[in-house]
Amino acid sequence: MGRRCILELEDYSFERRARLLYNHLYFSDLPQEYRDVLLKDDLFLDIIKHAHFNPRVIEWLSTYSRSAHVAVEGYRTHVLSLLTSPEGIWDHAFRSQISNAARHVLLSFNTVGEWTAITDLEPAFIALHRLCAAKYNERIGPGDFRRALQELDGGFLTCNATQLSYLNPSVREFVASVILDERETAEDLINSAVRFKQLVNIWKLARTRPGSELWALTLNTELLGRALLRVLDGPSTRWEKSVRGGLVGYPIDSSLEIRLAFLADVAAILESRQLAEMALRVADNLTREWEHEVVDFTSVLRLLGSIGKNRWFLEHGGEDVYRNLRLGLLDGLEFARADDWLDLLAVPPNVLEWDDAEELRLQTALRVFEVKGARDERSDCSTLDELSSLRDSFARLCNEYGLDLRTQVGQLDEDITEREEQAENRDNSDEYLRERAVVRPAVFTEDDVREMFRTLSEG
């Protein structure tokens, strides 16, 4: 894709929205009596300020061929309806104006999650694109993904060099409705999933509308189980070399903790021994991971909470999983930091079968943190925000759990004061340059918009 100037909808200022609507109307073939409806009672201002304002809706309402079937008397209601519920516009464009590849990008994007990088969306797209090509005898080519992104950019999605987002929340809602209502489309997405999180997102979407076609599909344990087994052991992280030569990890899929929690919950809902077996397999992978990685205390505590309430799973192999999670938590205590301890100290009342030996291990590790770990963590702070956040955590540990961290809190206060003074000195030295550099734009008011739109009146 070439270099382009990309605008998110939030970047459309009041003035930019006004000029966009004005230009569409000025050059449109809309009869004057329809324009007059938009001018009456400042309807154009309501359009400009609407949460669903976007270029495709503006193009639609200002094109006479789209509105010729609407009488002038009903045009105001028609316009407001387009803004409130623009699904009809998206449906027409989705089915008649974009390529199969573009449709596959939109469907895949909905399942991988809105904050996925373009490079991590491509594998999901390729899998769906190839499945549909074989199933429906569609032609595909090596450049389909990039061409589809260019096709969708500014119409359904906004694209920059690395990320995608929906042009408007109504686009996300429309694509979700397609997946919910079209059984074959939903089945294609399940059968082509290459990431665990795709199936998690599909399951969550189905739960938003019980009784939908998608809901029925997710209750099919054979279909769902086959798809989950295919992605069960896929990587959670993509590793890339940094400029310094080291490796930097980027999350591309659900963590093992999320996979375990999901499988345990769904296994209980469907009473599926197959999914319970998968959960046990993920639990084994997680405990092996702890042999060379630090325990994610927050995630494990969340797991203990959810599995502890899941009676069906506990009775079908979950008790061993629960016990191993508890032991893994205790084995990793030497790496716990202040925020972790705030969560850990709430553990005993909420953990099944917590005994005196485990409580002793917890309290022993806490004393080590109090004497040494807190000092080491303070020395690791490099920014003012990190210092302030750690200071708040230490203060809570003192006040709520009686730890003796007063010396560390006092030293953090000194560190924070020193950093603030340094920042203030930099601000003062740059104040003159900042005042000269700031350009204060003129305010574009509603009266300015009224004056501009007045030229659309007949004569």
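**Entry 1. Glu 353**

Is Glu 353 buried or exposed? I looked this up in the predicted model. Glu 353 has a relative accessibility of 63% and therefore counts as exposed, the cut-off being over 50%. I located Glu 353 in the loop between α20 (338–344) and α21 (356–380). Although Glu 353 is not a glycine, I noted a positive phi of about 60°. I then checked its charged surroundings: Glu 353 joins Glu 315, Glu 319, Asp 355 and Asp 356 in a negative surface patch.

**Entry 2. Asp 41**

I recorded a positive phi of about 55° for Asp 41, which is not a glycine. Asp 41 sits in the loop between α2 (32–39) and α3 (43–49). Its relative accessibility is 60%, so I entered Asp 41 as exposed.

**Entry 3. Salt bridges**

I turned next to charge pairing. Side chains of opposite charge can pair when their charged atoms come close. The structure holds 30 salt bridges, and I looked up several of them.

Glu 222 and Arg 226 are joined through their side chains at 3.9 Å, N to O. These two residues are four apart in helix α15, and so about one helical turn separates them. I found Glu 222 exposed at 57% relative accessibility, while Arg 226 is partly exposed with a relative accessible area of 43%.

For the salt bridge between Glu 240 and Arg 238, I noted an N to O distance of 2.1 Å. Glu 240 is partly exposed, its relative accessible area being 33%.

Asp 447 and Arg 450 form a salt bridge at 2.8 Å, N to O. Both lie in helix α24 (residues 446–453), three residues apart, and are therefore separated by about one helical turn. Asp 447 is exposed, with 54% relative accessible area, whereas Arg 450 is partly exposed at 25% relative accessibility. I followed the shared partners from this pair: salt bridges link Asp 42, Lys 49, Glu 446, Asp 447 and Arg 450 into one network.

**Entry 4. Buried positions**

Which residues of helix α12 (residues 183–192) are buried? I listed Thr 185, Ala 186, Asp 188, Leu 189, Ile 190 and Ser 192. These buried residues pack against α8 (100–112), α9 (118–136), α11 (169–181), α13 (196–207), α14 (213–218) and α15 (221–231).

I closed with Gln 408 in helix α23 (residues 406–437). Its relative accessible area is 11%, under the 20% cut-off, and Gln 408 is therefore buried. Setting aside neighbours within four places in sequence, I found Gln 408 in contact with Ala 374, Arg 375, Arg 378 and Phe 394.

Technical notes. Residues are numbered from 1 along each chain as its sequence is written. This is a predicted model: local features need pLDDT of at least 70, side-chain atom pairs count only at pLDDT 80 or more; totals for chains, interfaces and linings use all residues. Side-chain values use heavy atoms; hydrogens and water are left out. Patches are made of residues with over 30% relative accessible area and no salt bridge: like charges are joined within 9 Å, nonpolar side chains (Val, Leu, Ile, Met, Phe, Trp, Tyr) within 5 Å. Accessible areas come from the Shrake-Rupley method with a 1.4 Å probe; for residues, only the protein chains shown count as cover. A salt bridge is a side-chain nitrogen of Lys or Arg within 4 Å of a carboxyl oxygen of Asp or Glu. Lys and Arg count as positive and Asp and Glu as negative; His and the chain ends are not counted. The place of a charge is taken as NZ of Lys, CZ of Arg, CG of Asp or CD of Glu. Buried means under 20% relative accessible area, exposed over 50%, partly exposed in between (1.4 Å probe, protein chains only). Contact means heavy atoms within 4.5 Å.
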